[in-house]
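Student: I would like to take a close look at one part of this structure, its aromatic residues and whatever surrounds them. Could you take me through that part carefully, with the cut-offs behind each term?

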Amino acid sequence: MSLAKITRLPSVRLLSSIQHHHHQLLLPSITPPTAPRRAVSQGEYRRPGQPKEDKFPGQPINFGFSKGFEGIKKHFTLLKKEFSERWVGPQGKPLLEHMLEQNQVIWEFRGPESLDQWTVSSDREIGGQSEAFLKLGKNMNTCFLHGTLSSTPPKDGETRYSGYCTMRSKQSLVSFDRKKHYDLTSFNTLHLRVRGDGRPWMINIATETYFSHQKDDIYNYFLYTRGGPYWQDVKIPFSKFFLTNRGRIQDDQHPLWLDKVNTIGFTLGDKADGPFQLEIDYVGVCKDYAHTEEFAYEVYKRNPEV
């Protein structure tokens, strides 16, 4: 190897290293944008409006004696109340009054403690931008649901549609954390006194199911508010409610099961971005003798004629 080649190699290497360092200064390393990925193992489906479980995996459980004693005292007090109400009559009312009753208020708002029976949620739980809040009205005798609806989907690369706000009653419990069902077989119409802003809402009624795959079944119907300062009395026959599962209308329809009603909810998702409000005085049921319809939709014929 000649002397010229030997002296040229170090200078070439030095020049290439200087150019590479200068290129790094001019063009800094830019990481490509990546969308946040969801967990591989998705959790159990949670219906909109259903309260979250505050328990975390591995969270220590309090087995204190005082907590156990308070729990026993609470449940035995509720059990005593149940026996005393059954002794008087159905739902703690005399039998004659129960048979002749034509109107009944199920949910009403007469103080701050009544708001604890409801839960509010929105698409913010899945990364959306909608907000919903619940408070008492100006006269402290009504429920005022307000917020902002936004149909912008979250930027996770998977969700295509978004924009909902919902308010749902909590599951009532009796002694030893057993579910309390509302028996509405004596009535045929849902009666509400509301004051809205002209938006259409969806009323959701959840009943007790017999099989595990029916746990997300809900009966729905529409609530059209007029808007303005005046209250409106809305009466919707139970025969108008149709069956859905996770927001999808089912082909196999059947009437609403009125013997074991669990919860009721109100959902807004009209894709009209902006503020909203809905004020509710009470939610009740009534008996309309002029309404004789059993079910408003076509059902499958169980035993087809030959």
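Student: Which residues form one aromatic cluster?

Tutor: The cluster is made up of Tyr221, Phe222, Tyr224, Phe238, Phe241, Phe242, Phe295 and Tyr297, where rings of Phe, Tyr and Trp (its six-membered ring) pair if their centres lie within 6.5 Å, with planes under 30 degrees apart counted as stacked, over 60 as edge-to-face and the rest as tilted. By this rule there are 12 aromatic pairs. Before going further, note that this is a predicted model, in which local features need pLDDT of at least 70 and side-chain atom pairs count only at pLDDT 80 or more, while totals for chains, interfaces and linings use all residues. Residues are numbered from 1 along each chain as its sequence is written, and side-chain values use heavy atoms, with hydrogens and water left out.

Phe238 is a good place to begin, since this member of the cluster is also listed among the residues with the most contacts inside the largest nonpolar core. Phe238 sits in the loop between strand S9 (232-237) and S10; strands (E, at least two residues) and helices (H or I, at least four) are DSSP runs, numbered from the N terminus. Phe238 counts as buried because its relative accessibility is 5%, buried meaning under 20% relative accessible area, exposed over 50% and partly exposed in between (1.4 Å probe, protein chains only). Leaving aside neighbours within four places in sequence, Phe238 is in contact (heavy atoms within 4.5 Å) with Leu184, Phe187, Asn188, Thr189, Leu190, Ile205, Leu256, Leu258 and Val285. The C-alpha atoms of Phe238 and Asn220 lie 9.7 Å apart, with their positions 18 residues apart in sequence.

That core has 39 residues, and those with the most contacts inside it are Leu184, Leu190, Ile203, Phe238, Phe266 and Ile280. Strand S13 (residues 274-286) supplies the largest share of this core, five residues. A nonpolar core is here a set of buried Ala, Val, Leu, Ile, Met, Phe, Trp, Tyr and Cys residues joined through side-chain atoms within 4.5 Å. Leu184, again without its neighbours within four places in sequence, touches Ile106, Phe238, Leu258, Val261 and Val285.

Another contact of Phe238 is Phe187, which lies in the loop between S5 and S6 and is counted as buried because its relative accessibility is 4%. Beyond four places in sequence, the contacts of Phe187 are Glu101, Gln102, Asn103, Gln104, Phe238, Leu258, Val285, Cys286 and Lys287. One of these, Gln104, is 83 residues away along the chain, yet its C-alpha atom is 8.9 Å from that of Phe187. Lys287, another contact of Phe187, has its charged end over the ring of Tyr289, 5.7 Å from the ring centre; a charge sits over a ring if NZ of Lys or CZ of Arg is within 6 Å of the ring centre and within 35 degrees of the ring normal.

The strands around these loops can be followed through their pairing, which requires that DSSP finds at least two bridges between two strands. Strand S6 (residues 189-196) is mostly covered, with six of its eight residues buried. S6 runs antiparallel to S9 over six bridges, with Lys235 in S9 as the bridge partner of His191. S6 is also joined to S13 by eight bridges, in the antiparallel sense, and there Thr189 has Cys286 as its bridge partner.

On the other side of the Phe238 loop, strand S10 (residues 242-245) pairs with S11 in the antiparallel sense over two bridges, and Thr244 stands opposite Ile249 in S11. S10 and S11 belong to an open sheet of seven strands, in the order S2-S5-S12-S7-S8-S10-S11, with antiparallel pairing. Its edge strands, each pairing on one side only, are S2 (118-122) and S11 (248-249). S2 is mostly covered, four of its five residues being buried, and pairs antiparallel with strand S5 (residues 165-169) over five bridges, with Thr119 opposite Arg168.

Finally, the loop between S5 and S6 also holds Phe176, which has a positive phi of about 60° although it is not a glycine. Phe176 counts as partly exposed because its relative accessibility is 46%.
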